[in-house]
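Here are my notes on the model, point by point. Please read them with the structure open.

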Amino acid sequence: MATEVMNESILSESILEDMKENRIDHMTYLEGMEVLDSDVEQTVVEAMQHYDYNKYTAADVKRAIYNESRTLADFAALLSPAALPLLEEIAQMAQRETRKHFGNSVMMFTPLYIANYCENYCIYCGFNCHNKIRRAKLNAEEIEREMQEIAKSGLQEVLILTGESPKMSNVEYIGEAIKIARKYFKVIGLEVYPTNSENYKFWHDCGADYVTVFQETYHSDKYETLHLAGNKRIFPYRFNSQERALKGGMRGVGFAALLGLDDFRKDAFATGVHAYLLQRKYPQAEIAFSCPRLRPIINNDRINPMDVHEAQLLQVVCAYRLLLPFASITVSTRECQRVRDNLIQICATKISAGVDVGIGGRSGEEKGDEQFEIDDTRNVQEVYDAILSVGMQPVMNDYIYV
């Protein structure tokens with residue numbers, strides 16, 4: 001899960017050195033991890049490694065904008081620096097594609113964090129297992145109260161999140177939360193730890209519709225330096241999460257890189273290629289993108305983040321739209337309301353509202369600390385009204401179960 005550090009790590013440099021010496025290989029599967037017979041990872045990584053965005057010209061970008069059937073080469077051009085001076089044209093075409101496939105509708109949902117225990121040591125993450133934060137886990141009764149409060153707002157889609165701790169938030173615990181959610185919501189998403197396809201099938205049978213997994217960065221060497229311990233350290237297992245989820249029967253899967261952790265153009269390119277290949281391998285799958293930017297964090301000297309400005313964020317989001325016109329694109333509360341309100345008029349099709357990233361805050365006193373600080377704090381009605389005010393149509397649900 002893409003996040004930002006909220007608390008200083010308690011680890012000393014000597015402990016870090018000891019951990020480094022005993023660190024597991026980030027490219028080797030651990031016992032019990034399902035290994036897929038798939039070449040998607042290799043194809044994506046090789047494509048990213050060979051992506052030279054500086055070679056593209058304005059002419060390449062122009063062709064990509066007006067090509068009726070866009071290729072991965074077009075996508076590469078749209079993400080290049082040469083595309084920035086043509087961003088207005090790109091945005092206009094992205095808006096046209098969005099209206100063609102989605103009309104003026106904007107889906108609304110909210111996330112619900114049910115636990116913040118985590119077993120991973122990711123140096124940029126608020127839930128980092130070594131951070132000194134209040135840990136909490138909601139029981140079934142508390143989960144139901146939270147969902148009842150959310151349902152009062154009129155929302156019909158919820159995204160269930162946990163920290164990445166299979167021990168504290170096991171498969172059955174998440175399954176129970178899904179069953180409770182099905183009583184109140186039409187669409188249920190998951191943003192939890194990656195697991196094997198049989199567990200995704202169990203969650204789907206409980207009522208989950210889609211799974212989102214943030215790869216964070218597709219550069220495996222950089223990934224290794226950011227994820228120091230825990231199952232999340234295993235790069236290929238995380239990479240193949242969406243394919244395992246589809247094999248488990250999930251209707252949809254979401255993709256994202258945390259823009260700014262590494263070279264954002266290469267990460268955005270790899271994200272698009274990943275989604276593009278799985279769409280063709282599993283044509284029934286509903287594809288979604290999230291486009292989070294890295295927010296201010298401590299330990300910058302250890303992460304060396306790359307700034308991603310608003311124009312570059314728009315470039316990435318529009319490139320996703322032009323590559324996969326049918327894909328859902330979510331704009332996060334990490335962004336301010338001005339950015340979010342603008343993006344839904346161009347190419348974003350999904351927006352969160354009434355967000356609380358702590359544990360248990362909707363129905364009572366918050367029990368556990370937040371994963372990161374949000375920027376857009378508007379409630380559901382305020383976001384609903386804002387969507388209407390820009391000539392768009394807020395949609396709570398577009399699925400009917402028979």
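1. A term first. A pocket here is an open set of grid points with protein on both sides within 12 Å along at least five of seven lines, and its lining residues have an atom within 4 Å of a point. Keep in mind that this is a predicted model.

2. Start with the largest pocket. Its volume is about 890 Å³. The lining takes in 46 residues. Nearest the centre lie E157, A288, S328, T330 and K350. By class, this lining splits into 25 nonpolar, 14 polar and 7 charged residues.

3. Now the second largest pocket. It holds about 340 Å³ of space. Its lining counts 19 residues, with E68, R70, E97, L322 and P325 nearest the centre. Four elements are named as giving two or more residues to this lining: α3 (58-66), α5 (87-102), α12 (264-281) and α14 (310-323). Which of them gives the most? It is α5, with 5 residues. The class count for the second largest pocket is 9 nonpolar, 4 polar and 6 charged.

4. α14 deserves its own look, as one of the elements lining the second largest pocket. Its geometry checks out: 14 residues at 1.5 Å a residue should span 20 Å, and the end C-alpha atoms are 20 Å apart, so the two agree.

5. Is α14 mostly covered or mostly open? Mostly covered: 12 of its 14 residues are buried. The buried residues run through Q312, L313, L314, Q315, V316, V317, C318, A319, Y320, R321, L322 and L323. L322 therefore appears twice in this note, as a buried residue of α14 and among the residues nearest the centre of the second largest pocket; the cut-off for buried is under 20% relative accessible area.

6. What do the buried residues of α14 pack against? The partners are α4 (72-78), α5, α12, β8 (286-290), β9 (328-331) and α15 (337-343). Two of these partners, α5 and α12, also give residues to the lining of the second largest pocket.

7. Cysteines next. A disulfide is a covalent bond between the sulfur atoms of two cysteines. A search of the whole structure finds 0 disulfides. C318 is in none; the nearest cysteine sulfur belongs to C347 and is 3.9 Å away. The cut-off is 2.5 Å between sulfur atoms. C318 has 0% relative accessibility, so it counts as buried.

8. C129 is the other cysteine to check. It is in no disulfide either, and the nearest cysteine sulfur, that of C118, is 6.5 Å away. Buried or partly exposed? C129 counts as partly exposed because its relative accessibility is 29%.

9. On enclosed space: the structure holds 3 cavities of 30 Å³ or more. About 100 Å³ lies in the largest cavity. Its lining consists of E119, N120, E164, P166, Y193, P194, N231, K232, I234, Y237 and R238. These residues divide into 5 nonpolar, 2 polar and 4 charged.

10. Last, a buried glutamate. E142 sits in helix α6 (residues 140-152). Its relative accessibility is 15%, so E142 counts as buried. Which residues does E142 contact, leaving aside neighbours within four places in sequence? The contacts are K137 and K367. Please look at E142 with both of these lysines displayed.

Methods:
Residues numbered from 1 in each chain as written. Predicted model: local features only at pLDDT ≥ 70, side-chain atom pairs only at ≥ 80, totals over all residues. Heavy atoms only, no water. Buried < 20%, exposed > 50% of the residue type's maximum accessible area, 1.4 Å probe, protein only. Contact = heavy atoms within 4.5 Å. 1 Å grid on protein atoms, 1.4 Å probe; cavity = no way out; pocket = protein on both sides within 12 Å on 5 of 7 lines; lining within 4 Å. Points joined across faces, edges and corners; volume = space filled by probe spheres on them. Nonpolar A, V, L, I, M, F, W, Y, C, P; charged D, E, K, R; others polar. Expected span 1.5 Å × (residues − 1).
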